[in-house]
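Colleague: Could you walk me through how to read strand pairing and cysteines in a model like this? I would like the general idea, then the case at hand.

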Amino acid sequence: MASGQYDTDEHQANRIVSVTAADGENQPSPPDMAVAAARVALSRSGPARQDVTSVLHSRTWFQGAEMWAPASYIAHRTVGADVPALELLQSCNAGLAALEHAARLLGPDDAALLTTADRFAAPAFDRWRCERGLVYGDGGTALVLSSRAGFARLLSTATAVDNSLEAVARGAALDALPDTSTPVDLSARADAFLHTPALARQAGLRIAEIADQSVHRALDEAGVKMADITRVVLNATGRSRMRWQLELQLGVPEKISNWEFCGEVGHLGAGDHFAGLNDLMERRAVHPGDLVLLVGGGTGYSCTSAVVEITGSPEWETGEQAEPTS
């Protein structure tokens with residue numbers, strides 16, 4: 001704020017106190033951050049690390065080189081050269097979407113390595129002004145989903161979409177070639193498409209409906225109610241948007257959310273939910289029997305929700321190799 005990079009009114013509304021930033025020279029590429037996180041996740045997964053039969057990598061922004069396969073790079077440096085590795089992309093919902101797809105792929109003796117990574121670096125990206133209501137943070141995350149028993153069990157997932165809302169992030173028109181003259185401005189694109197208050201309200205209500213469908217289908221499939229949920233992990237937005245989602249949409253108090261973590265780390269693209277769950281586990285903020293609701297959301301528009309039951313305490317110590325996970 002002192003330098004003018006971040007708007008004072010935005011800070012007052014959203015109360016973000018810090019973000020993780022890989023600014024400056026000699027910083028890791030996003031795939032290297034994903035590799036670091038993946039190695040930690042694999043080291044914590046016990047025998048399941050020998051069962052990895054697929055790698056799914058998700059991201060929202062540049063991965064270090066054009067027209068290449070970062071998922072293969074990550075797989076080669078973590079689980080081997082012969083494990084199939086693919087990217088799964090759906091903006092900020094991609095991490096949870098990958099979780100849902102991986103769960104469908106697993107055989108009785110399989111495991112999947114899921115990774116996310118982004119570095120929102122200037123001048124092509126302005127983390128402070130790209131989108132109203134949040135600030136983008138840099139980081140890699142990883143999760144191992146296994147058919148073996150672990151410290152948590154995936155009870156359900158559910159995805160709801162409305163593809164007609166893709167234009168909210170596209171803007172008024174498509175460009176024939178990439179525009180590298182100015183940083184990405186998602187707020188300006190939304191304003192170009194939602195050019196009247198009525199259109200903005202209509203889109204906002206529709207997005208809320210999609211999220212509601214996803215959440216309640218996931219709860220129903222898990223056989224639980226919202227009152228049974230111990231903690232909620234949402235996309236890492238500012239406090240004003242977070243409170244709207246929690247109190248008006250989900251009807252739960254802020255104290256059971258991941259708001260504190262979000263306000264210190266920022267929006268990690270597709271990685272908010274893996275990082276948020278990891279934070280709960282590292283701080284021992286959840287215990288056996290607790291239920292965690294993960295609610296995604298990404299331009300397109302898609303929303304994936306998941307219900308996870310904590311079944312035991314992780315064998316790794318809090319803070320162990322914590323640096324590479326954020």
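**Strands and cysteines**

Modeller: Strand β6 (residues 231-234) pairs with β7 in the parallel sense, over 4 bridges. Two strands pair if DSSP finds at least two bridges between them, and strands (E, at least two residues) are DSSP runs numbered from the N terminus. This is a predicted model, where local features need pLDDT of at least 70, side-chain atom pairs count only at pLDDT 80 or more, and totals for chains, interfaces and linings use all residues. Residues are numbered from 1 along each chain as its sequence is written, and side-chain values use heavy atoms, with hydrogens and water left out.

Colleague: Which residue stands opposite Leu294 in β7?

Modeller: Val233 does. On β7 you also find an antiparallel pairing, with strand β8 (residues 302-310), over 5 bridges. There, Ser305 of β8 is the bridge partner of Val295. β7 and β8 form a hairpin with 6 residues between them, and Gly300 in the turn has a positive phi of about 150 degrees.

Colleague: How many residues of β7 are buried?

Modeller: Buried means under 20% relative accessible area (1.4 Å probe, protein chains only). In β7 (residues 291-295), 5 of 5 residues are buried: Leu291, Leu293 and Val295 on one side, Val292 and Leu294 on the other.

Colleague: Why is Cys92 not bonded to Cys130?

Modeller: A disulfide is a covalent bond between the sulfur atoms of two cysteines; the cut-off here is within 2.5 Å. The sulfur of Cys92 is too far for a bond, because its closest cysteine sulfur, in Cys130, is 9.4 Å away. Cys262 is in no disulfide either, with the nearest cysteine sulfur, that of Cys92, 12 Å away. Cys262 is buried, at 2% relative accessible area.

Technical notes. Buried means under 20% relative accessible area, exposed over 50%, partly exposed in between (1.4 Å probe, protein chains only).
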